[in-house]
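Biologist: I've got a structure open and I'd like to talk through how its helices pack and where its empty spaces are. Can you walk me through it?

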Amino acid sequence: MSFAAVKVHVERTWSNARLVTLAADTGLGIVEDGVVASREGRIVYAGPRADAPAFESGDAIDCAGRWITPGFIDCHTHLVFAGNRAREFELRLAGASYEEIARAGGGIVSTMAATRAASTEELIAQALPRLDAMLADGVTTVEIKSGYGLAQADEIKMLTAARALAKHRPINVVTTFLGAHAVPSEFQGRADAYIDEVCERMIPAVAAAGLADAVDAFCEGIGFSPAQVRRVFETARAHGLRVKLHADQLSNLHGAALAAEFGALSADHLEFVDTAGLVAMANAGTVAVLLPGAYYFTREERRPPIEALRAHGVPIALATDCNPGTSPLTSPLLAMNMAATLFRLTVEECLAGFTREAARALGLLGDRGTLEAGKRCDLAIWNIGEPAELVYHLGLNRLHARVWSGEA
């Protein structure tokens, strides 16, 4: 028997499909007559039918000309929390600013009280409907931050709940410790003392328990100073944890440059980032995660510097920023439309932002985010005529099937 006649054993194939592979750093990587094949949850082949080997498959699926993209990755969420902040939404409609609400005891601290009062099981139960909405939009990997416990036991409770979601749903969960999110009421006026708590007790405990994949912080006038964030990052590095940062959202504290100095996976928001910060991010390979839901919901007027991000070659990812106060958004599809409409991103940038670049922002690009052999077989199959429809539609979900680890 010749080598050419040998069939490749796979568990499942999806054929008669059009692919958005995103396999290169630019372009959608469209394949008009494509095939995806998987074995043991990994892609064995993704490409043109004409170039595919002969497959021996137990389950052959005819996609009837539908489009396949990588499964969506939501790389910045605060999915686990208790309660809601609908009342604060009303206050903002009446003219109150986010900063005014936060300084009056609302904002993050109000969610802290509800989250502390909730059990792990209650946090899971409240998070599941939000997670289900994301899965219905084609999400196969989600990052979830802590940051509403703001005490060691409660932060660990949040991270435990986040990890547990993967036992309830077919989803990859990446967890981030965000103890430096706000100063809790018991440390009011003593931010440095709270950072002592974060660095001396919380990060070592979280690292020892293996509950976090990275450490985040909120570098802002209503959050923490660059000097305080530096301490958090130094501690994270000492415990082998990578970092990311809520940076330059409401003012320019040079958070992007600080994040890049520590080789951060990402710097997120970036409405006020300056050129020095962008240059530093580009040199460090730090991804810009843009959050159009927060920009829209808080009615911000200063957009992230999209043209400058492009000019300096900073990778651009997108995320929902799902949270109770500034972005109660669970739809990547809507977030892409917002990014295109409000930030003027292209269709290619939007789709890459929730796949390839989102994987890059989590340090997982070698494992997922594109349709390539060897990567996880996480797919979204769509009833669309062209990829632009995924960004174009408002409130219309054309998902046909979601595939996670090779299983529909």
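Biologist: Let's start with helix H4 and helix H5: at what angle do they pack?

Modeller: Keep in mind that this is a predicted model. H4 covers residues 120-136 and H5 covers residues 152-168. Their axes are 9 Å apart, and the packing angle is about 55 degrees.

Biologist: Is H4 oblique or roughly parallel to H5?

Modeller: Angles under 35 degrees count as roughly parallel, and 65 to 115 as roughly perpendicular. The angle here is about 55 degrees. That makes H4 oblique to H5.

Biologist: Which class of residue, nonpolar, polar or charged, has nine members in the contact of H4 with H5?

Modeller: H4 brings residues including Leu123, Ile124 and Leu128, while H5 brings, among them, Met158, Ala161 and Lys157. By class, three residues of the contact are polar and one is charged. The class with nine is nonpolar.

Biologist: Now the holes: what is the volume of the largest cavity?

Modeller: The count comes to three cavities of 30 Å³ or more. The second largest has about 60 Å³ of space. For the largest cavity, the volume is about 160 Å³.

Biologist: And which residues lie nearest the centre of the largest cavity?

Modeller: Its lining has 16 residues. By class, that lining splits into five nonpolar, eight polar and three charged residues. Nearest the centre lie Tyr98, His181, Gln249, Asn323 and Thr326.

Biologist: How many charged residues line the second largest cavity?

Modeller: Its lining includes Arg368, Arg376 and Asp378. Asp and Arg both count as charged. Alongside three nonpolar and five polar residues, the number of charged ones is three.

Definitions and conventions
Residues numbered from 1 in each chain as written. Predicted model: local features only at pLDDT ≥ 70, side-chain atom pairs only at ≥ 80, totals over all residues. Heavy atoms only, no water. Axes fitted to C-alpha atoms, helices over the stretch in contact; angles between N-to-C directions. Helix = DSSP H or I, 4+ residues; strand = E, 2+ residues; numbered from the N terminus. Parallel < 35°, antiparallel > 145°, perpendicular 65-115°, else oblique. Contact = heavy atoms within 4.5 Å. 1 Å grid on protein atoms, 1.4 Å probe; cavity = no way out; pocket = protein on both sides within 12 Å on 5 of 7 lines; lining within 4 Å. Points joined across faces, edges and corners; volume = space filled by probe spheres on them.
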